[in-house]
Amino acid sequence: MHELSIAMALIDQVQRIARRESAARVVTVRIRVGCLSGVDAEALGFCFPLAARGSLAESARLEIDAEPMQWYCIGCRRLFSGPLLAGGGCPACGSPDHHPAGGSDLTLESLEVA
């Protein structure tokens, strides 16, 4: 389960930021998980308290925002999210010429500290 190593790396990053801000503790950690990131958000949520044990984030709440798949349409030069039309076309112009443009990130969005 690579989510434990991801949770541990997240806690390391959270600790560095919290110490830099002279925080006594971390209240909330908000992350964004892309649908193509390869991260199981539920498993990460399970691992987070284990990784946070003994840290400034030990009692922190983890909030996970899901990032949908994004596409770039070559036909109309627009970004769009979500499913393609039946047959794989762009929902704006129907063009089948598009490529992935997002949804693969795992990002620390914000921290609430005390």
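**Entry 1: helix α1**

Which residues of α1 are buried? I looked this up in a predicted model, and I noted E3, I6, A7, L10, I11, V14, Q15 and A18 as the buried residues of the helix. I then asked what covers them, and found that the cover includes the strands β1, β2 and β6 together with the helix α2.

For the helix itself I wrote down 19 residues and a reach of 28 Å from the first C-alpha to the last, which is close to the 27 Å expected at 1.5 Å a residue. Just after α1, I found S22 with a positive phi of about 55 degrees.

**Entry 2: A18**

I picked out A18, which has its place in helix α1, and I list A18 as buried because its relative accessibility is 0% and the cut-off for buried is under 20%. Leaving aside residues up to four places away in sequence, I found that A18 touches A23, V26 and L56. I also took the separation between the C-alpha atoms of A18 and H2, which lie 16 residues apart along the chain, and obtained 24 Å.

**Entry 3: nonpolar cores**

In soluble globular proteins, nonpolar side chains tend to be buried together, and I therefore looked for cores next. The largest nonpolar core here has 21 residues, and the members that touch the most others are L10, V14, V26, V29, I31, F48 and A57. I noted that α1, β1 and α2 each supply at least two residues of this core, and that the largest share, 6 residues, comes from α1.

From this core I followed A57, which touches I11, V14, Q15, V26, F48 and A52 when residues up to four places away in sequence are not counted. I then recorded a second, separate core of 5 residues, among them M69, W71, C73 and F80.

**Entry 4: a nonpolar patch on the surface**

Turning to the surface, I found that L4, M8, F46 and L50 form a nonpolar patch, with about 390 Å² of accessible area together. The elements that give two or more residues to the patch are α1 and α2. I checked M8, which lies in helix α1, and I class M8 as partly exposed because its relative accessible area is 45%, whereas A18 of that helix is buried at 0%.

**Entry 5: salt bridges**

How many salt bridges does a search of the whole structure find? I count 6, and I went through several of them in turn.

For the pair of R32 and E109, I recorded 2.7 Å from N to O between the side chains. This pair links distant parts of the chain, since R32 is in strand β1 and E109 in strand β6, 77 residues apart. I class both partners as partly exposed, R32 with a relative accessible area of 24% and E109 with 39%.

For R61 and E63, whose side chains also meet in a salt bridge, I noted 3.0 Å from N to O. R61 counts as partly exposed at 46% relative accessibility, and E63 likewise at 22%. I found that R61 and E63 belong to a network of salt bridges that also links R30 and D65.

Last, I looked at E21, which forms a salt bridge with R20, and the closest N and O atoms of this pair are 3.4 Å apart. I entered R20 as exposed because its relative accessible area is 60%, and the cut-off for exposed is over 50%.

Technical notes:
Residues numbered from 1 in each chain as written. Predicted model: local features only at pLDDT ≥ 70, side-chain atom pairs only at ≥ 80, totals over all residues. Heavy atoms only, no water. Patch = residues over 30% accessible without salt bridge, like charges linked within 9 Å, V, L, I, M, F, W, Y side chains within 5 Å. Areas by Shrake-Rupley, 256 points an atom, 1.4 Å probe, with all protein chains shown as cover. Salt bridge = Lys/Arg side-chain N within 4 Å of Asp/Glu carboxyl O. Helix = DSSP H or I, 4+ residues; strand = E, 2+ residues; numbered from the N terminus. Buried < 20%, exposed > 50% of the residue type's maximum accessible area, 1.4 Å probe, protein only. Core = buried A, V, L, I, M, F, W, Y, C linked by side-chain atoms within 4.5 Å. Contact = heavy atoms within 4.5 Å. Expected span 1.5 Å × (residues − 1).
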